[in-house]
Amino acid sequence: MFNMKTMKKNKLNVFLKRSKQGVVGGMLCLSVLFAQAQTTETSPSNPNVRLGQKALIDGDFKAAANHLQKALPAESGDPDVMYMLAYSQYQIGEYKKALESFGKVIQLRPDHESAYYYRGKASNILAVQTDLKISSNNREKMLNDAVSDYTKAIELNAGDAKYYQNRGIAYRDLGILLGTSGTANYDKTLATESYDKSIADFEQVLTMTPGKKDILTEVKKAKVYRDNLR
C-alpha cells in the first residue's frame, strides 16, 4: 500500500536524482527539505551527515559544511555527501574548498552536470575577485576552467539556458582580462574571440528564452567591449 513513508522516501530520491542532473540550482535548499522526511530505515547512519542535512534544511550552510566535513573521510566516496558539502562551501563563499569538493563529486560521478555548473561558477568568481592576489595568468586559467566546466554541463544537458548564460559571462570576463592593456597576458586577438563567443552564448540564451532584457543588455555590453579594444 502506498503510504506517507513511501511518498517521503520517493521525494528524497527525486531530490538526489535532480541534484545530479543539475536542475536543483539555487533551489537546492528548498529541495533538500525532502531529506527531513527520511525514516530511521533510510536516514544516513553517519551522525555528521544527518546533522549536515538538517543544517541544510535550516539554511545554515556554515554548520552544514562543518558537519559534512567531519563526515570525511568515511563518506568521501559518497557523491551525494560530497555534493552537499561542496554546495554548502559554495554558499558560504569558501570557493577554493568548493572547487576541490565539486571536483571530487565529478570524479565519483562524471555525469553530475550540477557539479560542473557550480565548479564553473566558483572558478569564475575567484577569477574576477580583485582583492585576491592572483596573477593574470592564473585568472586566465580559472576563466578557461570555468568555460570548460560550463561546456561539459552543456554536453550533458544542452537544453539548460543558464549553462550558456554563465559560459557567456565567463567568455566576457576572459575578454576583459585579455583585452586589458598592460597585463601580462594581453592579447587583442584572443580577447576579440572571447567576446565573439560570449555574444554567441548570450544569443543562444535569447533563442531559448526570447526577450530577456538582462541578456539583451549583456549582448550590447559585450559588443561595446569588443569594438573598443585597442
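Colleague: Which pattern does the protein chain follow, read along the sequence?
Modeller: This is a predicted model. The protein chain has 11 helices and zero strands. Read from start to end, the pattern is α-α-α-α-α-α-α-α-α-α-α.

Colleague: What share of the residues of the protein chain counts as buried?
Modeller: Buried means under 20% relative accessible area. The protein chain has 230 residues. The buried share is 46%.

Colleague: How much of the accessible surface belongs to carbon and sulfur atoms?
Modeller: The accessible surface of the protein chain comes to about 11,700 Å². The part that belongs to carbon and sulfur atoms is 51%.

Colleague: What percentage of the contacts with a separation of 6 or more comes from residues 24 or more positions apart?
Modeller: Take the contacts in the protein chain with a separation of 6 or more. Residues 24 or more positions apart account for a share of 55%.

Colleague: Is helix H9 largely enclosed, or largely open?
Modeller: Helix H9 covers residues 161-178 and reaches 26 Å from its first C-alpha to its last. That is close to the 26 Å expected for its 18 residues. Of these, 15 are buried, so H9 is largely enclosed by the rest of the structure.

Colleague: Which residues does Asp-201 contact, leaving aside neighbours within four places in sequence?
Modeller: Asp-201 lies in helix H10, residues 188-208. Its relative accessibility is 5%, under the 20% limit, so Asp-201 counts as buried. With those neighbours left out, its contacts are Tyr-164, Arg-167, Gly-168 and Tyr-171.

Colleague: What kind of aromatic pair do Tyr-83 and Phe-102 form?
Modeller: The structure holds 11 aromatic pairs. In this one, the ring centres are 5.9 Å apart and the planes stand at 65°. Planes over 60 degrees apart count as edge-to-face. Therefore the pair of Tyr-83 and Phe-102 is edge-to-face.

Colleague: Which helices does that pair of Tyr-83 and Phe-102 link?
Modeller: The two residues are 19 apart in the chain. Tyr-83 is buried at 2% relative accessibility, and Phe-102 is buried at 0%. Tyr-83 sits in residues 79-91 and Phe-102 in residues 95-108, which are helices H5 and H6.

Colleague: How are the rings of Tyr-117 and Tyr-150 classed?
Modeller: Their centres lie 6.2 Å apart, and their planes are at 55°. Planes under 30 degrees apart count as stacked and over 60 as edge-to-face. An angle of 55° falls in neither class, so the pair is tilted.

Colleague: Where in the chain do Tyr-117 and Tyr-150 lie?
Modeller: Both Tyr-117 and Tyr-150 are buried. The pair links distant parts of the chain, 33 residues apart. Tyr-117 is in helix H7 (residues 113-128), and Tyr-150 is in helix H8 (residues 136-156).

Colleague: Which residues form one aromatic cluster?
Modeller: Both pairs above belong to it, with Tyr-83, Phe-102, Tyr-117 and Tyr-150 among the members. The full cluster is Phe-61, Tyr-83, Tyr-87, Tyr-90, Tyr-95, Phe-102, Tyr-117, Tyr-118, Tyr-150 and Tyr-163.

Colleague: What is the N to O distance of the salt bridge between Arg-226 and Asp-196?
Modeller: The count comes to 13 salt bridges. This pair links distant parts of the chain, with Arg-226 in helix H11 and Asp-196 in helix H10, 30 residues apart. Arg-226 is partly exposed at 25% relative accessibility, and Asp-196 is partly exposed at 35%. Their N to O distance is 2.9 Å.

Colleague: Which residue forms a salt bridge with Arg-226 at 3.0 Å?
Modeller: This partner is exposed, with a relative accessible area of 53%. The closest N and O atoms are 3.0 Å apart, and the partner is Asp-227.

Colleague: Which residues do salt bridges that share partners join into one network?
Modeller: Shared partners tie the salt bridges together here. The network holds Arg-172, Asp-173, Glu-218 and Lys-221.

Colleague: What is the accessible area of the nonpolar patch that includes Val-224?
Modeller: Val-224 is in helix H11, residues 213-227. Its relative accessible area is 47%, so Val-224 is partly exposed. It forms the surface patch with Ile-176 and Tyr-225. Together their accessible area is about 240 Å².

Note on methods. Residues are numbered from 1 along each chain as its sequence is written. This is a predicted model: local features need pLDDT of at least 70, side-chain atom pairs count only at pLDDT 80 or more; totals for chains, interfaces and linings use all residues. Side-chain values use heavy atoms; hydrogens and water are left out. Helices (H or I, at least four residues) and strands (E, at least two) are DSSP runs, numbered from the N terminus. The expected span of a helix is 1.5 Å times one less than its number of residues. Buried means under 20% relative accessible area, exposed over 50%, partly exposed in between (1.4 Å probe, protein chains only). Patches are made of residues with over 30% relative accessible area and no salt bridge: like charges are joined within 9 Å, nonpolar side chains (Val, Leu, Ile, Met, Phe, Trp, Tyr) within 5 Å. Accessible areas come from the Shrake-Rupley method with a 1.4 Å probe; for residues, only the protein chains shown count as cover. A salt bridge is a side-chain nitrogen of Lys or Arg within 4 Å of a carboxyl oxygen of Asp or Glu. Contact means heavy atoms within 4.5 Å. Rings of Phe, Tyr and Trp (its six-membered ring) pair if their centres lie within 6.5 Å; planes under 30 degrees apart count as stacked, over 60 as edge-to-face and the rest as tilted.
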